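Reader: Please take me through one part of this model at close range: the space on its surface and inside it. I would like the residues that line that space, and the side-chain contacts too.

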Amino acid sequence: HVHRITNRWGYVHTRTPEETLRELEHKLPRRYWIDINRLLVPFGKFICTGTRPKCAQCPLNDMCARVGVA
Ligand code: SF4
């Protein structure tokens, strides 16, 4: 979830979850590392889903670059 969502946001530009992890460790302050994972699991399950993310209902709609989202 974290890989897919943070790439859609345009916060990272990575091709694998491993690359995303490295990029996030570099960009995101350490105090958020646990929370981002905890928050993005349900977010990815119910809002920013793998296929057909629910952008119209998403609270981040006006902040998200929607990279790769049709
Ligand atoms: S606006 Fe769409 S692509 Fe962006 S985080 Fe929300 S559901 Fe995901």
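Author: What follows starts with the largest pocket, then turns to side-chain pairs and the cavity.

This is a predicted model, where local features need pLDDT of at least 70, side-chain atom pairs count only at pLDDT 80 or more, and totals for chains, interfaces and linings use all residues. Residues are numbered from 1 along each chain as its sequence is written, and side-chain values use heavy atoms, with hydrogens and water left out.

The largest pocket holds about 190 Å³ of space. A pocket here is an open set of points on a 1 Å grid over the protein atoms alone, with protein on both sides within 12 Å along at least five of seven lines; lining residues have an atom within 4 Å of a point. Grid points are joined across faces, edges and corners, and the volume is the space filled by probe spheres set on them.

Which residues line the largest pocket? They are V2, H3, P17, T20, L21, L24, E25, L28, W33, I36 and N37. Helix 1 (2-9), helix 2 (17-27) and helix 3 each give at least two of the lining residues. Helices are DSSP runs of H or I, at least four residues long, numbered from the N terminus. Helix 2 has the largest share, with 5 residues. By class, the lining has 7 nonpolar, 3 polar and 1 charged residues. Ala, Val, Leu, Ile, Met, Phe, Trp, Tyr, Cys and Pro count as nonpolar; Asp, Glu, Lys and Arg as charged; the others, Gly among them, as polar.

Take T20, one of the lining residues. T20 lies in helix 2. T20 is buried, at 2% relative accessibility. Buried means under 20% relative accessible area, exposed over 50%, and partly exposed in between (1.4 Å probe, protein chains only). The T20 side chain makes a polar contact of 2.4 Å with the side chain of H3, which also lines the pocket. A second polar contact, of 2.6 Å, joins the side chains of T20 and T14. A polar contact is a pair of N or O atoms within 3.5 Å; within protein, one must be able to donate a hydrogen and the other to accept it, and residues adjacent in sequence count only if both atoms are side-chain atoms.

Past helix 2 comes R31, in the loop between helix 2 and helix 3. R31 is exposed, at 62% relative accessibility. Its side chain joins that of Y32 through a polar contact of 3.3 Å.

Next, charge pairing. Side chains of opposite charge can pair when their charged atoms come close. The count is 1 salt bridge, meaning a side-chain nitrogen of Lys or Arg within 4 Å of a carboxyl oxygen of Asp or Glu. R38 and D35 form it, at 3.1 Å from N to O. The two sit 3 residues apart in helix 3 (residues 33-46), so about one helical turn separates them. R38 is exposed at 53%, and D35 is partly exposed at 31%.

Last, the interior. The whole structure has 1 cavity of 30 Å³ or more. A cavity is a set of grid points where a 1.4 Å probe fits but cannot get out. The largest cavity holds about 100 Å³. Its lining has 13 residues, with C48, C55, C58, C64 and R66 nearest its centre. By class, that lining has 9 nonpolar, 1 polar and 3 charged residues. C48 is buried at 10%, and C58 is buried at 15%. The disulfide count is 0, with a disulfide taken as a pair of cysteine sulfur atoms within 2.5 Å.
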